[in-house]
Each structure stands twice: as C-alpha cells, then as structure tokens.
Amino acid sequence: MAHQILLKQPSESLLFDFDLSLVVRSSETITSVGTLSQTKEDLVPGSTSLTLGAPTFAAQKVQVRISGGTDKERYKVTGSAQTSGGDTIEFEGILWVKDL
C-alpha cells in the first residue's frame with residue numbers, strides 16, 4: 001500500500017499525484033484504476049464531503065482532482081490500481097483541509 005499526506009484549502013480544486021513507483025515493479029505500469037472512495041473524520045460538525053474527479057493514470061502514477069471539503073476537517077481518500085503484471089495495489093492519501 002502507498003500512503004501520502006495531502007493539504008489543500010477549502011476553495012481550491014487541485015490535481016493530486018499518487019506516485020506508486022515504490023510499490024509497482026519498474027518493468028510494470030498501471031493499467032487501470034478502480035473507483036476512489038473517501039471518509040471524513042468528522043472533526044468539524046456538519047463538515048461536507050470532498051468532490052473527487054475521475055482518476056487518470058500514466059506509467060506508475062495516478063492523478064485525481066480534488067475540490068471542496070471543510071476547513072479543519074481531515075479526510076482519507078482511498079483507491080486501487082491494477083498493474084500490467086497482474087498486481088492490485090491499494091493507495092491512500094490523508095487530506096487536511098485548512099484555510100491558510
């Protein structure tokens with residue numbers, strides 16, 4: 001599994017990279033990406049969900065556009081990728097939304 005820490009402001013819409021090169025063999029590439037999911041920690045009463053765009057991929061990297069979210073809330077974004085060697089790899093990012 002690949003883990004990352006992410007940060008954005010509530011009004012931003014940003015393209016985030018999930019670099020899977022440490023877990024995908026150098027001779028393999030990503031061939032597909034499953035549906036992404038999100039959970040929030042409910043640190044902020046009434047916090048809203050993120051908006052996750054459709055993931056794209058190339059070589060050993062997955063990209064997804066993330067927007068929305070509530071100031072001071074923490075979210076976990078999780079997905080899976082299939083490789084040309086037949087492996088299924090889970091990846092996740094912990095996203096802090098903070099109005100700086």
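Is Phe18 buried or exposed, and what is its relative accessible area? In this predicted model, Phe18 has a relative accessible area of 1%. Buried means under 20%, so Phe18 counts as buried.

Phe18 also has a partner. A search of the whole structure finds one aromatic pair, and it is formed by Phe18 and Phe91. The two ring centres are 5.0 Å apart, and the planes meet at 45°, which makes the pair tilted. This pair links distant parts of the chain, since Phe18 sits in strand β2 and Phe91 in strand β9 (residues 88-97), with their positions 73 residues apart in sequence. Phe91 is buried as well, because its relative accessible area is 1%.

Phe91 leads on to the nonpolar interior. The largest nonpolar core has 19 residues, and Phe91 is among those with the most contacts inside it, together with Leu20, Leu50, Val62, Ile66 and Leu95. Two or more residues each are given to this core by β2, β3, β7, β8 (74-83) and β9. Strand β9 provides the largest share, four residues. Strand β9 is thus a good one to follow by eye in the structure above: it holds Phe91 of the aromatic pair and gives this core four residues.

The loops can be explored next, beginning with Glu28. This residue lies in the loop between β2 (13-19) and β3 (30-33). Glu28 has a relative accessibility of 9%, so it counts as buried despite its place in a loop. Which residues does Glu28 contact, leaving aside its neighbours within four places in sequence? They are Gln60, Thr83, Ser84, Gly85 and Asp87. For Asp87, the separation along the chain is 59 residues, while the C-alpha to C-alpha distance from Glu28 is 9.6 Å.

Two other loop residues stand out for their backbone angles. Most residues other than glycine have a negative phi. Asp42, although not a glycine, has a positive phi of about 60°. Asp42 is placed in the loop between β4 (37-40) and β5 (50-52). With a relative accessibility of 51%, Asp42 counts as exposed, because the cut-off for that term is over 50%. Ala59 is likewise not a glycine and has a positive phi, here about 55°. The loop that holds Ala59 runs between β6 (56-58) and β7 (61-68).

Note on methods: Residues are numbered from 1 along each chain as its sequence is written. This is a predicted model: local features need pLDDT of at least 70, side-chain atom pairs count only at pLDDT 80 or more; totals for chains, interfaces and linings use all residues. Side-chain values use heavy atoms; hydrogens and water are left out. Buried means under 20% relative accessible area, exposed over 50%, partly exposed in between (1.4 Å probe, protein chains only). Contact means heavy atoms within 4.5 Å. Rings of Phe, Tyr and Trp (its six-membered ring) pair if their centres lie within 6.5 Å; planes under 30 degrees apart count as stacked, over 60 as edge-to-face and the rest as tilted. A nonpolar core is a set of buried Ala, Val, Leu, Ile, Met, Phe, Trp, Tyr and Cys residues joined through side-chain atoms within 4.5 Å.
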